[in-house]
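Me: I've got a fold open in the viewer and I'd like to learn how to read it piece by piece. Can you walk me through it?

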Amino acid sequence: MLSVRLLQSEPRVMVGATAPTIRPDIEARVDEIWRREKQRRSHELYNGRLFSIDHCDAGTIVGWISEYRYFIAQQREPSLHAALKIKPLAVTGILCCPDGVLFGRRSDRSEMDAGCWELVPSGGVEDTAVGPTGQVSLERCILIELEEEIGIGASELSARSRAVALVEDPRSHVTDVGIMLATTSPAAQIQRRFAVLENREYSQLEIVAPAEVRAFRGSLADSLGAVSVALLDALMHAGL
């Protein structure tokens, strides 16, 4: 079961922990899994660098930068978590426009939750968000995802982004920061921007009127991603 903590302010995220030392036999197993995944998915798989959590509370998140292949190996063989200790940090936006809240259906080729609906935009925190002092900008992360996944630039937002919740998934070991976003762009304009994107991560975009969000959430049953369900339930309960 996912754990949700509402936030009073945005947590301070820093690179400041030491990555665990990986035994040679574990490295060999990771390499084997990675080679198998590369063969299966060819050009679609890239060994990026992600932020992995060492310590997390409502005010501070500290971690290190890890290779994506370690996370993939841990996903394929959960028992590897004891040695790899990968706990990725991610962001999930709750994007509101004058016509409602945005949801996207993930492409069937997605690594995580393929074919599921979720709040958009969303994505992992990567090393590109790390500043020269080691501090991580969650706002930069969510704005990159917003432009890449929806086609909306930062200049089209009507307010600063606001972190509102932490969602921890003990099964995947991923922690999401829920971030409120608002734009004055109407639904038709957003759909036009989305329609011309190349290599889309979502196969479909839906904009749901605020009064209909609860019914939309119920109608999707098991096809709505667990993080989005947890965020929606917590925010609606809190009246946000």
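Me: Let's start with one pair. Which residue in E7 does Phe-103 stand opposite?
Reply: Keep in mind that you're looking at a predicted model. To read a pair like that, find the bridges between two strands and see which residues face each other. Here Phe-103 stands opposite Leu-119 in E7. The strands involved are E6 and E7 (residues 117-119), antiparallel and joined by three bridges.

Me: What other strands does E6 pair with, and in what sense?
Reply: Strand E5 (residues 89-97) is one partner, antiparallel to E6 over two bridges. Strand E12 (residues 202-208) is another, again antiparallel, with six bridges to E6. For landmarks, take Cys-96, whose bridge partner in E6 is Val-101, and Arg-106, whose bridge partner in E12 is Tyr-202.

Me: How many residues sit between E5 and E6?
Reply: Two residues lie between them, and the two strands form a hairpin.

Me: Is E6 largely enclosed or largely open, and how do I tell?
Reply: Count its buried residues, where buried means under 20% relative accessible area. Strand E6 (residues 100-106) has six of its seven residues buried, so the rest of the structure largely encloses it. As background for any strand you look at, side chains in a regular strand alternate between the two faces of the sheet.

Me: What about sheets: in what order do the strands of the open one come?
Reply: Read a sheet from one edge across to the other. This one has four strands, ordered E3-E4-E2-E9, with mixed pairing. Strand E3 (49-56) and strand E9 (135-136) are the edges; each has a single partner strand, so one side of each has no neighbour in the sheet. E3 runs antiparallel to strand E4 (residues 60-67), with seven bridges between them. If you want a spot to click on, Ser-52 has Trp-64 in E4 as its bridge partner.

Me: Now backbone oddities. Which peptide bond is cis?
Reply: Look at omega, which is near 0 degrees for the bond from Val-120 to Pro-121, making that one cis. Pro-121 belongs to the loop between E7 and strand E8 (122-124).

Me: And which non-glycine residues have a positive phi?
Reply: Lys-85 is one, with phi of about 55 degrees. Its loop runs between helix H3 (81-84) and E5, and Lys-85 is partly exposed at 42% relative accessible area. His-173 is another, with phi near 70 degrees. You'll find His-173 in the loop between strand E10 (162-169) and strand E11 (174-182), partly exposed at 21% relative accessibility.

Me: Zooming out, how many helices and strands does the chain have?
Reply: Seven helices and twelve strands. The radius of gyration is 18 Å, close to the 18 Å the globule rule gives for 240 residues, so the chain is as compact as a globular protein of that length. Along the principal axes, the C-alpha atoms fill a box of roughly 55 × 40 × 35 Å.

Me: What share of the residues is buried, and what share of the contacts is long-range in sequence?
Reply: Buried residues come to 48% of the 240. Of the contacts between residues at least 6 apart in sequence, 68% link residues at least 24 apart.

Me: Last one: what does the surface look like, and how many charged side chains are there?
Reply: About 11900 Å² is exposed, with carbon and sulfur atoms supplying 50% of that. The chain carries 26 positive and 33 negative side chains, and the centres of those two sets are 2 Å apart.

How values were computed:
Residues are numbered from 1 along each chain as its sequence is written. This is a predicted model: local features need pLDDT of at least 70, side-chain atom pairs count only at pLDDT 80 or more; totals for chains, interfaces and linings use all residues. Side-chain values use heavy atoms; hydrogens and water are left out. The radius of gyration is taken over C-alpha atoms; the globule rule is 2.2 Å times the number of residues to the power 0.38. Buried means under 20% relative accessible area, exposed over 50%, partly exposed in between (1.4 Å probe, protein chains only). Contact means heavy atoms within 4.5 Å. Accessible areas come from the Shrake-Rupley method with a 1.4 Å probe; for residues, only the protein chains shown count as cover. Lys and Arg count as positive and Asp and Glu as negative; His and the chain ends are not counted. The place of a charge is taken as NZ of Lys, CZ of Arg, CG of Asp or CD of Glu. Two strands pair if DSSP finds at least two bridges between them.
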